[in-house]
Amino acid sequence: MDVAYIRVSIFTAVLVGCAVAEYWKPKRPLRQPKLYRWTNNLGLTGLNSVLIYITMPLLAVEAALWAQSLQIGLFNELSINFPMLIIISVLILDFAIYWQHRLFHTMPICWNLHKVHHADQDIDVTTGARFHPLEIWISMWIKICVVISLGIPPIAVIVFEVVLNASAMFNHSNISIPRVWDKRLRKLIVTPDMHRVHHSTIRAEADSNFGFFLSIWDHLFDTHTARPKLGHYKMNIGISQFRSRKEQRLDKMLTQPFRKK
Ligand SMILES: [Zn+2]
Ligand SMILES: [Zn+2]
């Protein structure tokens, strides 16, 4: 079966699953009409897919196939059994994404791009796929460098991309999860309550909870914030610079990184 077909099927299944859960057990009332946000957020996701397809000479999985065919990269020098190699590769890629996310909060030029993700004034499943095209482009090149230098197997890249995508949609979902379950889950993975703190308008809170799949990196590097100061229901979400409704429009999102205050 075609890999692209599997990816799109899993993306759609997770999107629908999270959307149903949000409807059934919502956490916070949304500030903006759902149709308006979904049209713009998913419009940006669609645009990103087209732009990546047109502008990238190769994708991460193709880079992995290339490295494998030439037997380059650290893992091609070592003899690690295959299941262990997949687990190690997924862990390393998630670790790289954690540090990449920290970099995007630290470097002003990167933060300007990443602000588009944070400018959403609500969080729901579609926020998880809302990124500026240039951020997606830079992320892809970082991933390609990691994949080639380590010789990460193509199947591990596919597994990681599917898991990361599903995880990002889940942890941006506006779902109410019982506190006891949230506490158990966030020992290992990023939960919606954990990632919501990262979307706070308070910069110190936004500069914490950087994980997208595993929460262990935030625990390990002391960047975990358990809950927002104002609580999950009263906390403000978004970026103070972009508060008007029209800023949620696709054309406005594309220009946000290049506008002066
Ligand atoms: Zn962020
Ligand atoms: Zn986010």
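**How two helices meet H6, and what holds a zinc ion**

Trainee: Which residues of H4 meet which residues of H6?

Mentor: In this predicted model, the H4 side of the contact is made by Ile-92, Leu-93, Ala-96, Gln-100 and Phe-104. They meet Glu-135, Ile-138, Ser-139, Ile-142, Lys-143, Val-146, Val-147 and Leu-150 in H6. These residues divide into 9 nonpolar, 2 polar and 2 charged.

Trainee: What makes residues of H4 and H6 count as meeting?

Mentor: The test is heavy atoms within 4.5 Å, and the residues I listed are the ones that meet in this pair.

Trainee: Why are H4 and H6 called oblique to each other?

Mentor: Good one! Two packed helices are described by the angle between their axes and the distance between the axes. Helix H4 (residues 82-106) and helix H6 (residues 133-150) pack at about 140°, with axes 11 Å apart. Roughly antiparallel needs an angle over 145, and roughly perpendicular needs 65 to 115. The angle of about 140° fits neither of these, nor the range under 35 for roughly parallel, so H4 and H6 are oblique. The crossing of H4 past H6 is right-handed.

Trainee: How do you know whether H3 and H6 are parallel or antiparallel?

Mentor: Use the angle again. Helix H3 (residues 60-70) crosses H6 at roughly 20°, and the axes come within 9 Å. Angles under 35 degrees count as roughly parallel, and H3 and H6 therefore earn that description. This crossing is right-handed.

Trainee: Which residues make the contact between H3 and H6?

Mentor: From H3 come Ala-60, Ala-63, Ala-64, Trp-66 and Ala-67, and from H6 come Met-140, Lys-143, Ile-144, Val-147 and Ile-148. Sorted by type, the residues of this contact are 9 nonpolar, no polar and 1 charged.

Trainee: What makes a histidine a donor of the zinc ion (ligand 1)?

Mentor: A donor is an N, O or S atom within 2.8 Å of this metal. The NE2 atoms of His-101, His-105, His-114, His-118 and His-198 lie 2.0 to 2.2 Å from the zinc ion (ligand 1), so they pass that cut-off. Their spacing along the chain is H-x3-H-x8-H-x3-H-x79-H.

Trainee: Why does the pair His-105 and His-198 tie together separate parts of the chain?

Mentor: His-105 lies in helix H4 and His-198 in helix H9 (residues 192-198), so the pair joins parts that are 93 residues apart in sequence.

Trainee: What does the UniProt record say about residues 87-223?

Mentor: An unreviewed UniProt entry annotates residues 87-223 as "domain: Fatty acid hydroxylase". In the model, that span is 66% helix and 0% strand, and its end C-alpha atoms lie 24 Å apart.

Methods: Residues are numbered from 1 along each chain as its sequence is written. Chains are lettered from A and ligands numbered from 1 in the order in which they are written. This is a predicted model: local features need pLDDT of at least 70, side-chain atom pairs count only at pLDDT 80 or more; totals for chains, interfaces and linings use all residues. Side-chain values use heavy atoms; hydrogens and water are left out. Axes are lines fitted to C-alpha atoms, for helices over the stretch in contact, and angles run from 0 to 180 degrees between N-to-C directions. Helices (H or I, at least four residues) and strands (E, at least two) are DSSP runs, numbered from the N terminus. A crossing is left-handed if the near helix is turned anticlockwise from the far one by less than a right angle, and right-handed if clockwise. Ala, Val, Leu, Ile, Met, Phe, Trp, Tyr, Cys and Pro count as nonpolar, Asp, Glu, Lys and Arg as charged, and the others, Gly among them, as polar. UniProt positions are given in the numbering used here, feature names are shortened, and annotations may be inferred rather than shown by experiment. Donors are N, O and S atoms within 2.8 Å of the metal (3.2 Å for Na, K and Ca); water is not among the atoms, so sites may look incomplete.
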